[in-house]
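User: I am in my first year and would like to learn how to read a protein model with care. Could you take me through this one by question and answer?

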Amino acid sequence: VSVLATLVTYLGDPARSKALAKAVKSLSTISDDRYFGWASANIIRHMEGAAQSEAITNALDAAGRIRHQESRARALADISAYLEGDARTQCLDNALDVATSIRDEEYQARTLASLASDLDIAQLRRALAAAASLPYLGNHRPSEQIFQRLSHLAGETARADAALLVRQFYYSLPPREAVFGV
């Protein structure tokens, strides 16, 4: 799949269309859940119009069947990059739901952190609430990467929202995280 996805950038039509169709069919043969999301996103980015919409729908269906929760959340986030508006928000909400349902604290922390760069401010608030309830893992708290994401939000409204979020969680987190986060 990755070879086909790379190859299409160098092909003209009709060879490009045939290679993309073959790559989409090949997605169903991927048995490694962790590879599926990346492969889907890599193919979808080369598609346009109705073919891209159909590939996104198929990828979302397949992502819903991924058993490994961390991989399912990441696949949904990868696919969300090709969605807009409410569809993107819903897809990322689903990814966040999956992430917060992970029972293993280390996997949950890692998944929440990996999603942070894709989330809007409301979703970051949910991710931060989940991360704040997790214990220290190693030498850091899981919420640290989410706070780092807050500092990259663009626009005055987003920065104001980020400041409110810091105030909301300030007392439940070590001050270093809250200060360096924004």
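## The nonpolar core

Analyst: Let us begin with the core of this predicted model. The largest nonpolar core holds 41 residues, and those with the most contacts inside it are Phe36, Ile43, Ala63, Leu112, Leu115 and Leu119.

User: Which helix gives the most residues to this core?

Analyst: Helix 1 (2–7), helix 2, helix 3, helix 4, helix 5 (69–80), helix 6 (85–100), helix 7 and helix 8 (121–132) each supply at least two residues of the core. In soluble globular proteins, nonpolar side chains tend to be buried together. Among the helices that contribute here, the one that gives the most, with 6 residues, is helix 6.

User: Is Ile43 buried, partly exposed or exposed, and why?

Analyst: Ile43 lies in helix 3, and Ile43 is one of the residues with the most contacts inside the largest nonpolar core. A residue counts as buried when its relative accessible area is under 20%. Because the relative accessibility of Ile43 is 1%, Ile43 counts as buried.

User: How far apart are the C-alpha atoms of Ile43 and Thr6?

Analyst: Along the chain, Ile43 and Thr6 are 37 residues apart. In space, the separation of their C-alpha atoms is 8.7 Å.

User: Why does Asp93 count as partly exposed?

Analyst: Asp93 is found in helix 6, and, leaving aside residues up to four places away in sequence, Asp93 touches Gln123 and Arg126. The partly exposed class lies between the buried limit of 20% and the exposed limit of 50%. Asp93 is therefore partly exposed, since its relative accessible area is 25%.

User: Which residues of helix 7 are buried, and what does Asp104 reach at the start of that helix?

Analyst: Helix 7 covers residues 105–115, and its buried residues are Gln108, Ala109, Thr111, Leu112, Ala113 and Leu115. Two of these, Leu112 and Leu115, also appear among the residues with the most contacts inside the largest nonpolar core. At the start of helix 7, a side-chain oxygen of Asp104 reaches to within 3.0 Å of the backbone nitrogen of Glu106.

## The pockets

User: Which element provides the largest share of the lining of the largest pocket?

Analyst: The largest pocket has a volume of about 290 Å³, and of the 16 residues that line it, Leu27, Ser28, Phe36, Ala62 and Arg65 lie nearest its centre. Two or more lining residues come from each of helix 2 (15–27), helix 3 (33–44) and helix 4 (49–64). By type, the lining divides into 9 nonpolar, 3 polar and 4 charged residues. The largest share, 5 residues, comes from helix 4.

User: And which element provides the largest share of the lining of the second largest pocket?

Analyst: The second largest pocket contains about 200 Å³ of space, and among its 13 lining residues the closest to the centre are Ser17, Leu20, Met47, Glu48 and Ala51. The elements that give two or more residues to this lining are helix 2 and helix 4. The lining as a whole is made up of 6 nonpolar, 3 polar and 4 charged residues. The largest share, 5 residues, comes from helix 2.

User: Which backbone oxygen does the side chain of Gln52 reach?

Analyst: Gln52 has its place in helix 4, and, not counting residues up to four places away in sequence, Gln52 touches Ile44, Met47 and Tyr82. At 3.0 Å, the side chain of Gln52 reaches the backbone oxygen of Ile44.

Conventions
Residues are numbered from 1 along each chain as its sequence is written. This is a predicted model: local features need pLDDT of at least 70, side-chain atom pairs count only at pLDDT 80 or more; totals for chains, interfaces and linings use all residues. Side-chain values use heavy atoms; hydrogens and water are left out. Buried means under 20% relative accessible area, exposed over 50%, partly exposed in between (1.4 Å probe, protein chains only). Helices (H or I, at least four residues) and strands (E, at least two) are DSSP runs, numbered from the N terminus. A polar contact is a pair of N or O atoms within 3.5 Å; within protein, one must be able to donate a hydrogen and the other to accept it, and residues adjacent in sequence count only if both atoms are side-chain atoms. On a 1 Å grid over the protein atoms alone, a cavity is a set of points where a 1.4 Å probe fits but cannot get out, and a pocket is an open set with protein on both sides within 12 Å along at least five of seven lines; lining residues have an atom within 4 Å of a point. Grid points are joined across faces, edges and corners, and a volume is the space filled by probe spheres set on the points. Ala, Val, Leu, Ile, Met, Phe, Trp, Tyr, Cys and Pro count as nonpolar, Asp, Glu, Lys and Arg as charged, and the others, Gly among them, as polar. A nonpolar core is a set of buried Ala, Val, Leu, Ile, Met, Phe, Trp, Tyr and Cys residues joined through side-chain atoms within 4.5 Å. Contact means heavy atoms within 4.5 Å.
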